[in-house]
Amino acid sequence: MGDSQKVVVYIMPQKIQKQRYKDMMKAALRHHFIMAEELKDSVTHLITEYETAAQAMKVLKLTELPQHTRLLRVSWFTDSIKAREPVPVQDKHVIAQGGDAVECNQASEPTVQSPVPEYSCQRSTPLKHHNSRFCEAMELLQDYAEMREGDDNYMRALAWRRASCVLKSLKFPLTNIDQLKGAKDVGKHVEKVLQSILDHGTSDEVEKVRNDPWYKKMKIFTKVFGAGTKTAQEWIEKGWTTVDEVRQNYTKGDWRLRFGLAFHEELMELVTRLEADNFTKFIKHQCETILPGISVELCGGFKRGKTHGHDIDLLFTHQSTGKEVGFLPRLLSVLESKNLILCGKWNRGTYTEEAMYSDSKRTKNNQLDHFEKWIGIIKFPKKWRKSISEEEFFSDENVSADLNSYEDSEPAKKKLKTNELSPEDIAAQSRSWIARRVDLIIAPYDQYFYALVGWTGSKQFNRDIRTYAKRTHNYAMTSHGLYDLTKRKSLPAKSEKEIFDILGVPYFPPEERNC
Ligand code: CTP
Ligand code: MN
Ligand code: MN
């Protein structure tokens with residue numbers, strides 16, 4: 001505005017945490033703000049954390065402000081730091097004159113509804129929200145803690161994620177830490193990071209992790225299909241820094257890793273919604289001939305409204321329980337006959353009712369289930385990457401499939417043994433397809449709606465709704481069902497809504513389960 005030279009700022013230290021005050025002063029100096037060390041007549045912008053003018057004046061021992069001084073909220077200062085220069089004063093920045101020292105609850109900024117429902121499954125969490133810069137930072141810290149393993153870090157990771165979920169569900173952008181008063185899951189450490197981002201746009205703690213060489217490598221390696229934190233750690237210990245280096249030196253590993261490494265670049269490229277829809281359409285069409293009445297649902301991130309994902313999750317069921325038996329091997333045969341399978345592993349279902357309440361079988365994050373499924377990589381025709389007509393889509397499907405060849409075999413093993421080409425050789429070929437990760441899951445109808453909730457996610461939503469079920473009702477919840485541990489009986493459901501009703505959680509559609 002040209003008159004920035006005239007801006008003289010004084011920040012009242014009262015009510016501001018010492019370290020934060022220091023950080024604010026540092027930021028001000030960095031951007032060459034003119035700072036006064038006390039309230040003088042020349043001060044134009046008087047910044048305070050007090051909520052009313054009366055409170056501030058009392059501390060300043062004044063009855064009136066100097067003629068050219070305006071009393072402003074800290075938000076004016078943080079907005080200015082973000083802009084790297086003093087910003088014009090807006091209404092929201094101004095602390096009105098008058099007002100009673102006792103009445104200090106008239107914050108003009110929105111605050112969380114109080115009390116914030118404790119579990120993320122009780123809150124609407126949309127995909128697009130107002131606080132991504134905070135959530136990105138907290139989920140980076142979550143990610144880091146998760147990679148470091150051990151129980152402490154696992155708890156730390158969950159704490160960052162829970163805090164991030166609180167911010168994701170806010171209906172407004174966070175501008176002041178006080179807006180989080182009454183919110184669970186926001187502890188001192190979280191506050192510190194958020195405050196720093198509010199004040200400086202970044203947090204030292206977050207930036208340190210972001211630039212940590214170990215973290216950077218872990219981040220790259222754990223993205224390889226089949227590589228968990230253990231494998232990634234092993235590669236780092238060998239001194240490898242890029243996937244290429246791993247590829248050149250690493251010969252061990254199961255089929256997952258071998259294909260994951262060979263097709264890494266392609267698999268890193270995210271699956272688009274259009275690709276997922278096309279694939280679903282194709283599978284549905286095949287189902288009509290293989291087993292009429294089988295239903296196919298695109299789950300996972302796409303169901304929650306994401307436009308991109310790392311894979312395609314398809315959940316199958318048949319309304320008459322039992323009819324789904326034998327379906328998946330037949331579908332796989334068809335896909336194989338059409339040369340659509342690169343590699344994969346078919347797992348039989350291992351569900352027993354006991355599995356539902358025996359805690360020992362459940363993993364820390366409750367992610368394992370016992371469904372019959374296929375996890376693998378599809379040779380995804382490049383022409384399916386764009387919008388295509390029905391005729392074009394199903395034109396070349398006159399291959400007759402050997403419907404029984406999969407009955408008792410493991411596709412992946414078969415593939416690796418009989419195929420003479422190595423994954424690297426296949427990847428190097430000129431081809432009309434790209435590699436796409438696909439999960440195919442079969443759920444018997446009496447477990448279907450639990451499977452639907454489970455495979456829709458998000459992962460954090462599942463964690464929370466399961467914890468909620470256990471703590472408030474002593475129910476064990478999995479993707480197979482809900483089990484009353486007190487009465488030792490299962491609670492069947494005929495829709496997703498019914499599951500929420502049984503639990504006493506308000507129903508949120510998949511698009512609002514993006515915790
Ligand atoms: N899931 C599960 N059991 C597994 C794997 C996944 O219950 N063995 C659940 C996850 O909790 C998630 C959903 O299935 O809610 C889909 O998993 P995944 O594809 O890993 O995650 P998405 O949310 O779909 O993310 P993306 O879009 O990246 O694929
Ligand atoms: Mn997915
Ligand atoms: Mn998946």
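Visitor: What makes β6 and strand β8 (residues 312–318) count as paired, and in which sense do they run?
Guide: In this predicted model, β6 and β8 are joined by 5 bridges and run antiparallel. Pairing requires at least two bridges, so the 5 bridges meet the criterion. One example is leucine 298, whose bridge partner in β8 is leucine 314.

Visitor: How do you know that β8 also pairs with β11, and in which sense?
Guide: There are 5 bridges between β8 and β11, in the parallel sense; at least two are needed, so these strands are a pair as well. Here leucine 314 stands opposite leucine 440 in β11. On β10 the partnership with β11 is antiparallel, over 10 bridges, and phenylalanine 380 stands opposite isoleucine 434.

Visitor: Why is the pairing in the sheet of 5 strands called mixed?
Guide: The strands follow the order β6-β8-β11-β10-β9 in an open sheet with mixed pairing. Within it, β8 and β11 pair in the parallel sense, whereas β10 and β11 run antiparallel.

Visitor: What makes β6 (294–298) and β9 (341–347) the edges of this sheet?
Guide: Each of β6 and β9 has a single partner strand, so one side of each is left without a neighbour in the sheet. Across the sheet, neighbouring strands are turned by 20 degrees against each other on average, direction ignored.

Visitor: Which helix lies across β9 and β10 (372–381), and at what angle to β9 does it run?
Guide: Helix α11 (residues 255–262) lies across both strands, at about 150 degrees to β9. Angles over 145 degrees count as roughly antiparallel, so α11 runs roughly antiparallel to β9.

Visitor: How do you know whether β11 is covered or open on its two faces?
Guide: In β11, 10 of its 10 residues are buried. Trp433, Ala435, Arg437, Asp439 and Ile441 lie on one side, and Ile434, Arg436, Val438, Leu440 and Ile442 on the other. In general, side chains in a regular strand alternate between the two faces of the sheet. Strand β1 (residues 8–11) gives another instance: Val8 and Tyr10 point one way, Val9 and Ile11 the other, and all are buried.

Visitor: What makes certain residues the protein donors of the manganese ion (ligand 3)?
Guide: Asp311, Asp313 and Asp439 each offer an OD atom, lying 2.0 to 2.3 Å from the ion. The limit for a donor is 2.8 Å from the metal, so these atoms qualify. Their spacing in sequence is D-x1-D-x125-D. Aspartate 311 lies in the loop between β7 (308–309) and β8 and aspartate 439 in strand β11 (residues 433–442), so the pair ties together parts that are 128 residues apart in sequence.

Visitor: Why is aspartate 311 said to bridge two manganese ions?
Guide: Aspartate 311 coordinates both ligand 3 and ligand 2, which are 3.6 Å apart. The manganese ion (ligand 2) is coordinated by Asp311 (OD) and Asp313 (OD), at 2.1 Å, and that distance too is within the 2.8 Å limit.

Visitor: Are these aspartates, such as aspartate 313, buried or exposed?
Guide: Aspartate 313 has a relative accessible area of 8%, aspartate 311 has 6% and aspartate 439 has 6%. Buried means under 20%, so aspartate 313 is buried; aspartate 311 is buried too, as is aspartate 439.

Visitor: What makes helix α4 roughly perpendicular to helix α8?
Guide: Helix α4 (residues 132–148) and helix α8 (residues 213–221) pack at about 85 degrees, with their axes 11 Å apart. Roughly perpendicular covers 65 to 115 degrees, so α4 and α8 fall into that class. In the contact, Leu140, Asp143, Tyr144, Met147 and Arg148 of α4 meet Trp214, Tyr215, Met218 and Lys219 of α8. By class this contact has 6 nonpolar, no polar and 3 charged residues.

Visitor: How many helices and strands does the protein chain hold?
Guide: The chain has 22 helices and 14 strands, and 51% of its 515 residues count as buried. Among contacts between residues at least 6 apart in sequence, 73% join residues at least 24 apart.

Technical notes. Residues numbered from 1 in each chain as written. Chains lettered and ligands numbered in written order. Predicted model: local features only at pLDDT ≥ 70, side-chain atom pairs only at ≥ 80, totals over all residues. Heavy atoms only, no water. Helix = DSSP H or I, 4+ residues; strand = E, 2+ residues; numbered from the N terminus. Axes fitted to C-alpha atoms, helices over the stretch in contact; angles between N-to-C directions. Contact = heavy atoms within 4.5 Å. Donors = N, O, S within 2.8 Å, 3.2 Å for Na, K, Ca; no water. Buried < 20%, exposed > 50% of the residue type's maximum accessible area, 1.4 Å probe, protein only. Parallel < 35°, antiparallel > 145°, perpendicular 65-115°, else oblique. Nonpolar A, V, L, I, M, F, W, Y, C, P; charged D, E, K, R; others polar.
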